[in-house]
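Me: I am new to this structure and would like a close look at a single part of it. Please take one pairing of strands and follow what is attached to it.

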Amino acid sequence: MFGRRFGSCGIYCCIFAVLGGNFAALTQWLVPVLTRANVQGRSNYVNTSVAIHHHGSYQNFTMDLEVHVLSPLDKFRMNVGYFVRILNSEKWIYNKTYDFCRFLQRPSVDRFGALVMDDLRQHGKVPTGCPIQPERYVFKNVTLNRVKLPPFLPETNFGFTVNCYISPKNEKIFRSNWYGGLRRVIL
């Protein structure tokens, strides 16, 4: 009995030593793994495209996203919604609309959006304020590995939508649907 306890303790001590004595390194997170996406821009405002590439395992993917802004964008709103799949139904757990220009100035307006923008920033140029001038924004080899979600969320399939509307008529200029799964990782 003592030997079994000592063996387990020895294994934990070895892991602790390898990790530099830092138990925080064993923190569990959930990361999104994208399987498919559909993006659509309004031709007189924005053209968009996305390609998801899987490399071997389900969790090993990269995404290429291109957003070509065709005319100056100012005073527009973004709606973000998130759902999880439970059995054969979608359970919406998040739906928020906010001023995108304000978000660019203060990303804390939407925590999830800030996580995604931080990851995109590592792979290309992200606008910093409005008006957003006509330009082609290209994000290559995006993995979303930096998007770490809290472990209390279910490890399940998910979907989220991102829609943008321009004032004054709330005209939809961008629409996207993203699908994938949340997978638990230990960091």
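Reply: Strand β3, residues 61-69, runs antiparallel to β6, and 6 bridges join the two. This is a predicted model, and everything below is computed from it. Within the pairing, H68 stands opposite R136 in β6.

The pair belongs to an open sheet of 3 strands, in the order β2-β3-β6, with antiparallel pairing. Its edge strands are β2 (46-54) and β6, each of which pairs on one side only. From one strand to the next, the twist averages 5°.

R136 also takes part in a contact between side chains: a salt bridge with E66, at 2.3 Å from N to O. Because R136 lies in strand β6 and E66 in strand β3, this salt bridge ties together parts that are 70 residues apart in sequence. R136 is partly exposed, with a relative accessible area of 45%. E66 is partly exposed too, at 25%.

Strand β6 has a further salt bridge, in which the side chains of E135 and K125 meet at 3.0 Å, N to O. K125 lies in the loop between α3 and β6, while E135 is in strand β6 itself, so the parts tied together here are 10 residues apart in sequence. E135 counts as partly exposed, with 27% relative accessibility.

The loop between α3 and β6 also holds one end of a disulfide. The structure has 1 disulfide, and it joins C101 to C130 with an S to S distance of 2.0 Å. C101 sits in helix α2 (residues 100-105) and C130 in the loop between α3 (111-121) and β6 (135-142), so that the pair links distant parts of the chain, 29 residues apart. The link is left-handed, with -85° about the S-S bond. Its two ends are covered to unlike degrees: C101 is buried at 10% relative accessible area, whereas C130 counts as partly exposed at 25%.

What keeps C164 from forming a bond with the closest cysteine sulfur? The closest cysteine sulfur is in C101, and at 10.0 Å from the sulfur of C164 it is too far for a bond; the cut-off for a disulfide is 2.5 Å. C164 is buried, with a relative accessible area of 5%.

Away from the β3 and β6 pairing, R42 and E171 form a salt bridge, with their closest N and O atoms 2.0 Å apart. R42 lies in the loop between β1 (28-41) and β2, and E171 in strand β8 (residues 171-186), so this pair ties together parts that are 129 residues apart in sequence. R42 counts as partly exposed at 34% relative accessibility, and E171 is partly exposed at 24%. The salt bridges described here are among 6 in the count.

As for the setting of these parts, the protein has 3 helices and 8 strands. From the N terminus on, its elements run α-β-β-β-β-β-α-α-β-β-β. Of its 187 residues, 36% count as buried. Among contacts with a separation of 6 or more, 62% are between residues 24 or more positions apart. The protein exposes about 11,100 Å², of which carbon and sulfur atoms supply 55%.

Notes:
Residues numbered from 1 in each chain as written. Predicted model: local features only at pLDDT ≥ 70, side-chain atom pairs only at ≥ 80, totals over all residues. Heavy atoms only, no water. Helix = DSSP H or I, 4+ residues; strand = E, 2+ residues; numbered from the N terminus. Buried < 20%, exposed > 50% of the residue type's maximum accessible area, 1.4 Å probe, protein only. Contact = heavy atoms within 4.5 Å. Areas by Shrake-Rupley, 256 points an atom, 1.4 Å probe, with all protein chains shown as cover. Pairing = 2+ DSSP bridges. Axes fitted to C-alpha atoms, helices over the stretch in contact; angles between N-to-C directions. Salt bridge = Lys/Arg side-chain N within 4 Å of Asp/Glu carboxyl O.
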